[in-house]
Protein chains: 2
Amino acid sequence: MAEIRSPDTRERILDTAEQLFMNHGFDGTSMRQITTGAGVNLAAVNYHFGTKEELMRAVFRRRLDGLNEARLQALDAMEQDAGGKPLKPSQIVDAFFGTLLRMGDDEVRGGRTFLRLLGRTLTDPSEFISTFLAREYAQVVERFKEALFKALPDVPKAEIVWRVHFMLGATSYAIAGTDALRVVTDWEIEPADTEDRHDRLLERLMSFLLGGLRAPLPQFSPPSGAAP
Amino acid sequence: MAEIRSPDTRERILDTAEQLFMNHGFDGTSMRQITTGAGVNLAAVNYHFGTKEELMRAVFRRRLDGLNEARLQALDAMEQDAGGKPLKPSQIVDAFFGTLLRMGDDEVRGGRTFLRLLGRTLTDPSEFISTFLAREYAQVVERFKEALFKALPDVPKAEIVWRVHFMLGATSYAIAGTDALRVVTDWEIEPADTEDRHDRLLERLMSFLLGGLRAPLPQFSPPSGAAP
DNA sequence: CTATAGTTAAAACGAACGTATGAATTAATT
DNA sequence: AATTAATTCATACGTTCGTTTTAACTATAG
């Protein structure tokens, strides 16, 4: 029987690039690192993807498409159940962030590696990345926000938008810095195994996010003329 | 009269580097961009700072030293006032994050540019940056956490550590993405002037952070064998 | 077996990178 | 005014970068 020469070059490249981008960023990763890491020829990336930027986009699309679809499905199902009634904030937050975090346990659909890549990349300085992510995310974030507007009718929309932003930040750090934490301050808490730690992360993060989302509204210091 | 040739080359380099690093990241910024942007010779950076990495460190130190000192002073003053009694969480959060955010208004001590650079850099993939920041931050974060441990004696320390991490993430996004938000979703809220928007950011963020910090503790799903 | 499309291989391209060098210039000291 | 130290300058070095090119290989189809 013929031995398998290359178990799909494209996929090998994507896997390696995903990992390297996570560890060293886009600008910090060279094509030569990628190709030698994947055990393929240097020209393979340009042949299969055209350019380095296009490779990056492919890395994200491979994971984000399924994720965002799952998020929308979760939201759809909930709204179906609710039958016109507004959802609970906790449901919405779980549909968005919970679905994301749980993806980290699904090794075949990306696993922790992509999660951390995503967490880091949301603040990546490269122009094309942020615009790409913005485009790719826009519809989902919009849906998510609309649901929150409905669920929290007496919270000003501007406030909700900001808090979504804050939640994204907290989540990004939760994902990206599972070990960055350990660097900043050596600690000794919970020697529990990794799986366990990740499970708990989800619940920890969720209660933090919900606490922030439902926090009392800030009263701005000088009203400077009472509202009508 | 002799005209001023170069109003301190070092400072011009630091200013330009700070801005470029913020916009394009460390790897995405070249020495030639920096030097031509600052209007100095290419070799000036290596002469004054030695290496590109050392320049980056200088950029951070110039701002972080003062900031962290101010944070510690704020905390010291509060603890002085309290006289042994634990502080209120809101005080501690303000001493750490409030001092940071207010730095954005102080154009002479860094201004918004450095704030955004810092926000982005906390998730930077470059190894030397994270280790540098970890070292530079360690003492302050430690002090801050200790204060929180005292202020919230019945919250498990592990939980507090995580929530500090989440708060850092939310703050990082609050700072870095004041306009990234506008990209993700075009909105129309509050045409208020910039100064005003930034003032409000502080208050918005603070109530979100405190809401998250004081959120009810998560109860972990399957105890998998009842606790003793 | 031979044409044909798809993929991989080795090598090279020019451009841009961070850094180093040694002369020219400016400022300070005597 | 002469000497020394500090800074700026133009230029070059050796690497590494992303991409391209052209030839070799592999497989499928006629």
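These legends walk through four close-up views of a predicted model with two protein chains, A and B, and a DNA strand, D.

**View 1. Chain A and chain B as two matching copies.** Let's start with how the copies are arranged. Turn chain A by 180°, with 0.0 Å of shift along the rotation axis, and chain A superposes on chain B with an RMSD of 0.0 Å. The two copies are thus related as by a two-fold rotation axis. Which surface does each copy use to meet its partner? 100% of the interface residues of chain A are also interface residues in chain B, so the copies meet through the same surface.

**View 2. The contact between chain A and chain B.** Here we look at where the partners touch. The size of an interface is often given as the accessible area lost when the parts come together. For chain A and chain B, about 5000 Å² is buried between them, and 70% of this area is on carbon and sulfur atoms. On the chain A side, look for Trp162(A), Tyr173(A) and Phe208(A): this trio supplies 17% of the area that chain A buries against chain B, more than any other three residues. The contact draws 57 residues from chain A and 57 residues from chain B.

**View 3. The protein surface around DNA strand D.** How many residues surround DNA strand D? There are 17, and the closest are Arg32(A), Thr51(A), Lys52(A), Thr9(B) and His48(B). Sorted by class, this surface has five nonpolar, eight polar and four charged residues. On the DNA side, 49% of the strand D atoms within 4 Å of the protein belong to sugar or phosphate, and the rest belong to bases. Zoom in on the phosphate oxygens and you can find a polar backbone atom of Met31(A) at 2.8 Å from one, a polar backbone atom of Asn41(B) at 3.4 Å, and a polar side-chain atom of Tyr47(B) at 3.1 Å. The elements giving two or more residues to this surface are α2 (31-38) of chain A and α3 (43-49) of chain B. Helix α3(B) provides the largest share, with three residues.

**View 4. Helix α6 of chain B and its surroundings.** Is this helix largely enclosed or largely open? Nine of the eleven residues of α6(B), which spans residues 111-121, are buried, so the helix is largely enclosed by the rest of the structure. Among the buried residues are Phe114(B), Leu115(B), Arg116(B), Leu117(B) and Leu118(B). The cover over the buried residues includes α1, α4, α5, α7 and α8 of chain B, together with α8 (157-176) of chain A.

Terms used:
Residues numbered from 1 in each chain as written. Chains lettered and ligands numbered in written order. Predicted model: local features only at pLDDT ≥ 70, side-chain atom pairs only at ≥ 80, totals over all residues. Heavy atoms only, no water. Least-squares fit on C-alpha atoms with pLDDT ≥ 70 in both. Contact = heavy atoms within 4.5 Å. Near = heavy atom within 4 Å. Polar contact = N/O pair within 3.5 Å; in protein donor to acceptor, adjacent residues only side chain to side chain. Helix = DSSP H or I, 4+ residues; strand = E, 2+ residues; numbered from the N terminus. Nonpolar A, V, L, I, M, F, W, Y, C, P; charged D, E, K, R; others polar. Buried < 20%, exposed > 50% of the residue type's maximum accessible area, 1.4 Å probe, protein only. Buried area = accessible area lost by both parts, 1.4 Å probe.
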